[in-house]
Amino acid sequence: MNLKTRLHILKRKYRGSKWSPAFNALHTFLYLPNETTHHGTHIKVADDLKRTMNIVIMALVPCLLFGMFNAGYQHYLALGDIQAVSSGFFSSEFWTLDNFLVGFWKIIPLVIVSYGVGLGIEFIFAIINKHEVEEGYLVTGMLVPLIVPIDIPLWMLAVAVVFGVVIGKEVFGGTGMNILNPALTIRAFLFFAYPTWMSGDKVWVEGAVQRTKEIADGANLDAISGETILGSLAQGHEISHSIADMFFGFIPGSVGETSTLLILIGALFLIFTKIGSWRIMLSSVIGALVMGLIFNQVVDAGVITESNSFYGLMSTTFWHHLIIGGFAFGVVYMATDPVTASQTNKGKWIYGFLIGFLSILIRVFNPAYPEGVMLAILLMNVFAPTIDHYVVQGNVKRRLKRVKVKTA
C-alpha cells in the first residue's frame, strides 16, 4: 500500500472529524484527490490556487538562491577575506561554495521557521473553524525570509509570523479576505516592534551583530559594517558601489531584494504566466520615476542644498531609485498580490502609480527608515477597494449617459 492510498484511507476515516482538514491538506498537497465528478457539465482549467502559488514560488527561487550566495559574499567581503567582484554577474569571487554555505545555513532556518509557524497557525485555524486548509501561505512563507535582514533572530521572526498571519489574515476570514499583504504586515510588525533589528549598518551582514557584541565584551577585533545604499545616502555618505553592483545585486540588503536583474526576470515570468499584473508593475515604475524627477528638479533649482539632511536621497539620479532598496522586489512580488491590489484595469494604473510615487516620497522624507515601498504598498492596500469603487461608479455613470443619449 503506497502513501497516496494510505492518506486516502485516513482522509475517509476521519471525514467529518475535527482533524479532517489536516488530513485533507496533506493528501491534496502531495497528490491529486482520488474523487472524480460523474454528472453535469464542468469547465476544466489548468490553473488553481495551489498551482498559482507554486508559479510565484518558482519566480522567487532565483532570488532565494542568489540571496544565499550574497549573504556569504557580504560576510567574507566585510571580513576582508575576498576581493570585490570584478567581472560582472558571473564573477568568480561571488559564485563560490563557501559563500553559498554561509548563506544556506543562515537562510534555511529562516525559511523553516516561516513555513513551520505560519502553516501551523493555518492548520490550527482550519481545524477550529472546520474548513479546508488554504494554500495562501505558500507564497507568504517564501516571501517573509526574503524581506528580512540576514541576522534577524529566529524567535523574533516567529513572533512576527504569528502576528502577521493571525492579525493580518485570519481575523479577516483567511486567504482571499485579508485587506493587507500578510508578508508586509509581518515586516511592518518587525520594523515597529524591533526597529534596531530592521535598520542600521549591522543586521545586513552575517556576523556583524555578533562581532559588535564581542568587541563590547573587550575583544580586540575590527568592527564589521554593512550599511545599505539607502542608509548611506540618508546619512549623506558617498556610495562605493557601481551601477552594475546595484543592478546585479552585489550589495547589502534584505535576503532576496538586492538583485534587480533576477527580480526583473521573475517579473517577466509572472507576466508571461499571467499571474502578475504588468499594469501595476509598469505604473509603479512610472510613479517612482516621476517622484524621483521632481526631487532632482528641486535640487537642481537650488531649493535644497548639500547642508540639508534630505540632500543625499533627493539628489540621487531619479532612475537609480529603481535598482536600490526593496522597490523592485516589492513592486513585482507584493504590490501585484491579487487579493490586496486593485481589481479593475484603470484602478491598477492608479494603484500602481501611487505606490511608486509614495515609495520614493517616503524613502526620502523618512530619516529613521530610508525605505518606503513597504509602507506605500500597505497604504495603497487600504485604499485599493476605494479606488475600484470610484472606477466602477465612473463606468456606470458613463454607461447611463450613453443610454440616455440613445433613448433621447
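Which residue forms a salt bridge with Glu122? In this predicted model, the partner is Lys169, and the closest N and O atoms of the pair are 2.5 Å apart. Lys169 sits in the loop between H6 and H7 while Glu122 belongs to helix H4, so the bridge ties together parts that are 47 residues apart in sequence. Lys169 is buried, with a relative accessible area of 3%, and Glu122 is buried too, at 2%.

The structure holds 2 salt bridges. In addition to the pair just described, the side chains of Lys106 and Asp151 meet in a salt bridge, at 3.1 Å from N to O. Here Lys106 is part of helix H4 (residues 97-129) and Asp151 of the loop between helix H5 (137-146) and H6, so this pair links parts that are 45 residues apart in sequence. Lys106 counts as partly exposed, with 25% relative accessibility. Asp151, at 11%, counts as buried, because the cut-off for that class is under 20%.

Attention turns next to the helices on either side of the Lys169 loop, H6 and H7. Helix H6 (residues 154-168) packs against helix H7 (residues 182-193) at an angle of about 130°, and their axes are 8 Å apart. That angle makes H6 oblique to H7. The crossing of H6 past H7 is right-handed. On the H6 side, the contact is made by Met156, Leu157, Val159, Ala160, Val161, Phe163, Gly164 and Gly168; H7 contributes Thr185, Ile186, Phe189 and Leu190. Sorted by character, the residues of this contact comprise 9 nonpolar and 3 polar ones, with no charged residue among them.

Terms used:
Residues numbered from 1 in each chain as written. Predicted model: local features only at pLDDT ≥ 70, side-chain atom pairs only at ≥ 80, totals over all residues. Heavy atoms only, no water. Axes fitted to C-alpha atoms, helices over the stretch in contact; angles between N-to-C directions. Helix = DSSP H or I, 4+ residues; strand = E, 2+ residues; numbered from the N terminus. Parallel < 35°, antiparallel > 145°, perpendicular 65-115°, else oblique. Left-handed = near helix turned anticlockwise from the far one by under 90°. Contact = heavy atoms within 4.5 Å. Nonpolar A, V, L, I, M, F, W, Y, C, P; charged D, E, K, R; others polar. Salt bridge = Lys/Arg side-chain N within 4 Å of Asp/Glu carboxyl O. Buried < 20%, exposed > 50% of the residue type's maximum accessible area, 1.4 Å probe, protein only.
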